[in-house]
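Welcome! Please take a moment with the sequence and the structure below, and then let us walk through some of the contacts together.

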Amino acid sequence: MGKTNNNKQTNIKNGNLKKSNTFNNNNLKNVIYNRNYNYNNNNKNKIPLPNSYCISILIRFIVGVLAIGYIHPDEYFQSPEITSSFMFNFKTFTPWEFNDNNPCRSVVIPLFNSGIPFFILKNLQKLINYFIGNNNSFSIINGNTILMAPRIFMVLISFSLDYYIVLICKSFNLSYRKSLSILSSCWLIIIFHSRTFSNTIESLLVATLLTIILLYKKSISKGENTFFKDLLIGIIVSCGIFSRFTFIFFATPLGIYLLYLLFQSSSSSSSSSATTTISTKSSINNNNSNGYKKLTKSKLSCIISIILIMFGFLITSSFFIIIDSIYFNYLDHLKLISDFNLITSNINTSDLFLSSNSTIDIINQISNIPKHPLISDLNSTHIISFLKNNLTYTPINSFLYNLDVDNLSDHGIHNRLTHLFVNLPMMVGPLVLLLFIEIISILKNSFNGSKHSNNNNSSNNNSNNNNNNNNNNNNNSNTNNYNDNHHYNGIDNNGTIKRNHHSSSSSSLSQSSSSNLIRKEVFPISIRILLVSIILFGLFFLSLAPHQEPRFLLPLFFPLALLSYRYFYFNKKSSKLLLILWILFNMILTIFFGFIHQGGVTPSLVYIGSKIVKPQQQQQYLLLAEIENNLNININNNNNNNNNNNNNNNNNTNSNNNKINNENLQKLNNKLNNITIMFYHTYMPPRYLLGIEKNNEKINLLDLGGKDINSLKNIVDEIKGSKIFILSPTKDILYKQYKDKTCQLTESFWPHLTTEDPPQSIDELRLFMFECNDL
C-alpha cells in the first residue's frame, strides 16, 4: 500500500493520474512512432535555409571563381596544364607525375575536373565560329576563361557536399541548418574545393563514400535492394584510389563499418528466422537508434553485395588502367601486335589439337587446353610480361615512389608531428579543439554506457517482486532509452531546436521526462565513433610519411564538420565565442590564400597572354595570310604561263615557287620578335594561361624559382636578340648593371606575397613586371 500511495502522489504532482493508469506498452509504441511521423511530416514542408548559408553560397561562388591567390603549383600542374596541351594545342610544361616512364597520376582525373570544362569551352568556340565565321580576332578561349572555367565546374561540384549533409542529417532526424552553415563558411570549401587539386577529388570521393555507407544501413533496415549502392561503392573506391592512393587510409574505417553492417544484418536475419513470436516489448527494443527495424539481410545477399562491390571496383579500375596506358603510350596497337606475335611465336597451335574425326574427342581436347604445357608456360611467363610492358598502374607507381625517402627529399622532409600540430590546425582551426572534446565525450559515454547497463541489469532483477511496478518502470525506461538513443524531439518550421509539447494523449510522457525532451543535435555513438576513426586513421597513416603538406588532410574536413557542428548549438558564451573564432579564422585564411598568397602570378600571366602573346600570334596569322595571298597570286600567274610553256618550264616554276615560299617564311620569322618571359622568386607559373601555341618557337618562359640575383643577371646577359620580361616580388632587378641591356618597371600586380621573399613595406606587396631591351 505504501508503494502504491507513493506512485499516486507522484502522478498527482505530474497531473497525469488517470493517464498513467491506462498507459501501456502499445500506447508507448504509438507515441514513439507518432513522434517520428510528426517529425517526418514537418520535414516535408520546405524548411527555409539560414541567411548565413545563403550568404556563404554567394561568397563561395564569387571568391571561388574570381580569387587570384595561388595555393600550390599542383592546382595547375596536375590538371589544366595537362589537359590544355591536347585540348587547345598549347605549349605547356609536363610535371614529373605525368612522365611516360613512370606515371604517378592518372590522366582520367584531369580529364574530369578540367577536361570537361575545357571541352565545353572549345565547342562553344566552334559554335561561335560557325555563326560568325572563323575570325581569329574574336575568341572566348583566353587566359580569363580557361582560368575560370575549371573553377566554375569545381564550385558546382562542391555543392554535392551540401547535398550529402542534408541527406545524412535527414537520415538521422537531425537539423541540417547549422551543419550547412558550418560547412559552407569554411575556407576549405571556398578556396580548396574551387581548385583542381587531386586532393579535392579525393575529398569529394571520401564524402561520397561516407554518405552512401551511412545511408546503406537505412536501406537494409527498410528491406530495399542495395544493388545500385553496392556497385557505386566499388566504383567510388576505385576512383578514389586512382585519384590518390592515400584514399585507402580514409576509406578503411568505412570498409570495416560496411562489413560490420553486412555481418550484423546476416546474423539478425538468421536469428529472426528462428524466432516465431516476438512480444511488443521486444519489438520496441529491437529498434535501432534511428527508429528503423532490426537489420535483416540474408547471408546470400551479403555475399552478392560483396561480389557487386568487387565487380564495380574491377570494372572501374580496368577503365582507368586502359585509359592511362593509352595516354602514356604503353598500350599501342603496333606494340600490341608485336608483343602478341612474340608470345605466340613459340606456340604451335597444331600441337594443341590432334587430328580426329570424333566431335567428342575435339571437345575433350578443348577442355584440356588450359592443362597443356605450352599454355601453362604461357600463363606463368609471357602473360605477366605482356601485362607489365603494355599496361601502367599509376596508384602502384605513386605508392612505390613515395616509399623512397630520396624521392621525397626533393619535395621536402618534415617532422612526423607536422600534420597534427601544424597542418591540421591550419586547415580546420577551432575544429581541432572540438575534435579532442568529442573524443573525450565518446570515451565518457562509452564508460557511462557500460556502467548504466550494469545498473539496469541489477534493477531488473530487483523489480521482479512486483508486476505492476515492473510494468510502470518498463514504460518509463523505454521512454528514457528512446530519448537517450535518439537524442531528438523534433524541429519547428524554422528548423531550430525546440521543446516538444505533445498532445493530450502523450502528455504523461512529455511531463514525466521533461528534462530529456530538449533535443540534442548529436549522432548515435556508433556513427560518432566511425567519424572519429576516419579522422584518426587518416591522420595517423599520413603522419608516417616524411613529406607532409596541409592539403593532404583535406578529406578530413567533411567528417569533422559532421562531428563538430553540434557544438555551435550551445546557448552559452562558449558557443558564441566559438562562432566568432570560426568566422574570424575562415575570413583570415580566405583572404590570405584567396587573394594575397602568390596573388600576382595568375593575373600577370593573363595580362602577358593578352597584351604580349596574343598580339604576337595575331601578327603571325596576318603575315601567314599575306604569304598565302602572294603564293596564290604566283600560282595563278604560273598557271597562265603554263598554258604557253612546255613541261620543262613547269619544273622551273615549281622550284621558283618553293624558293618564294622559303623566302617568305624566313621573312616572317625575321619580322616576329623573340620574347623571353622570366619568373623570379615566385611559384611555378602555369604556361597554359599564356596561350602559346605549340608551333610558336618565338616565345619562351623561364622559371628561375628561388635563384639568387646574380644568377638572374647572368641569364639576362646571355640572352641576345630578344625582349625580356621579368616578374619578381622585389625591385632589386632595377639596381643591377646588365651587359648591353636596360631594364625598366612597366607594370605591377597587387596584392602579391611571396613568403620566402617578403616585402620591405606594405606598398611593395606586389609582383613587379620589368622589361629589358638591348641597347
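In this predicted model, the side chains of Asp-717 and Lys-713 meet in a salt bridge, with 3.0 Å from N to O. Both residues belong to helix 30, which spans residues 709–718. Because Asp-717 and Lys-713 are four residues apart in that helix, about one helical turn separates them. How open to the surroundings is each partner? Asp-717 is buried, since its relative accessible area of 12% is under the 20% that sets the limit for buried residues. Lys-713, on the other hand, is partly exposed, with a relative accessible area of 23%. Elsewhere, Asp-74, Glu-549 and Arg-551 are joined into one network by salt bridges that share partners.

## Salt bridges across the chain

How many salt bridges does a search of the whole structure find? The search finds nine. Three of them are listed here, with the distance between the closest N and O atoms.

| Acidic residue | Basic residue | N to O distance |
|---|---|---|
| Glu-75 | Arg-195 | 2.6 Å |
| Glu-438 | Arg-566 | 3.1 Å |
| Asp-717 | Lys-713 | 3.0 Å |

The pair of Glu-75 and Arg-195 links distant parts of the chain, 120 residues apart. Glu-75 sits in helix 5 (residues 74–77), while Arg-195 is in the loop between helix 10 (187–190) and helix 11 (198–221). Glu-75 has a relative accessibility of 1% and so counts as buried. Arg-195 counts as buried too, at 2% relative accessibility.

Next comes the salt bridge between Glu-438 and Arg-566. Glu-438 is part of helix 22 (residues 431–462), and Arg-566 lies in the loop between helix 26 and helix 27 (573–596), so this pair ties together parts that are 128 residues apart in sequence. Both Glu-438 and Arg-566 are buried.

## The disulfide and other cysteines

Which cysteines are joined by a disulfide? Cys-743 and Cys-772 are the two partners, with their sulfur atoms 1.9 Å apart. Cys-743 belongs to strand 4 (residues 741–749) and Cys-772 to strand 5 (residues 767–774). These two cysteines are 29 residues apart, and the pair links distant parts of the chain. The torsion about their S-S bond is about 110 degrees, so the disulfide is right-handed. A search of the whole structure finds one disulfide, and this is the one described here.

Are these two cysteines buried or exposed? Cys-743 counts as buried at 17% relative accessibility, and Cys-772 is buried with a relative accessible area of 0%. Two other cysteines can be looked at in the same way. Cys-104 is buried, with a relative accessible area of 4%, and Cys-186 counts as buried at 0% relative accessibility.

## Around His-547

Where is His-547 placed? You will find His-547 in the loop between helix 25 (525–543) and helix 26 (557–564). This histidine is buried, with a relative accessible area of 9%. Its side chain makes a polar contact with the side chain of Glu-549, at 2.6 Å. A polar atom of the His-547 side chain also lies 3.5 Å from the backbone oxygen of His-411. Leaving out residues up to four places away in sequence, His-547 touches Leu-408, His-411, Gly-412, His-414 and Phe-552. Glu-549 has appeared before, in the salt-bridge network with Asp-74 and Arg-551.

## A nonpolar patch on the surface

Now turn to the outside of the model. A nonpolar surface patch of about 1100 Å² is made by ten residues that you can pick out in the structure: Phe-112, Ile-116, Phe-119, Ile-120, Leu-124, Leu-127, Tyr-130, Phe-131, Ile-132 and Phe-138. Of these, Phe-138 is found in the loop between helix 7 (108–132) and helix 8 (143–171). Phe-138 is partly exposed, with a relative accessible area of 42%.

## The whole chain

To finish, step back and look at the chain as a whole. The chain has 30 helices and five strands. Of its 775 residues, 46% count as buried. Its accessible surface comes to about 39500 Å², and carbon and sulfur atoms account for 58% of that area. Among contacts between residues at least 6 apart in sequence, 81% join residues at least 24 apart.

Terms used: Residues numbered from 1 in each chain as written. Predicted model: local features only at pLDDT ≥ 70, side-chain atom pairs only at ≥ 80, totals over all residues. Heavy atoms only, no water. Buried < 20%, exposed > 50% of the residue type's maximum accessible area, 1.4 Å probe, protein only. Polar contact = N/O pair within 3.5 Å; in protein donor to acceptor, adjacent residues only side chain to side chain. Contact = heavy atoms within 4.5 Å. Patch = residues over 30% accessible without salt bridge, like charges linked within 9 Å, V, L, I, M, F, W, Y side chains within 5 Å. Areas by Shrake-Rupley, 256 points an atom, 1.4 Å probe, with all protein chains shown as cover. Salt bridge = Lys/Arg side-chain N within 4 Å of Asp/Glu carboxyl O. Disulfide = S-S within 2.5 Å.
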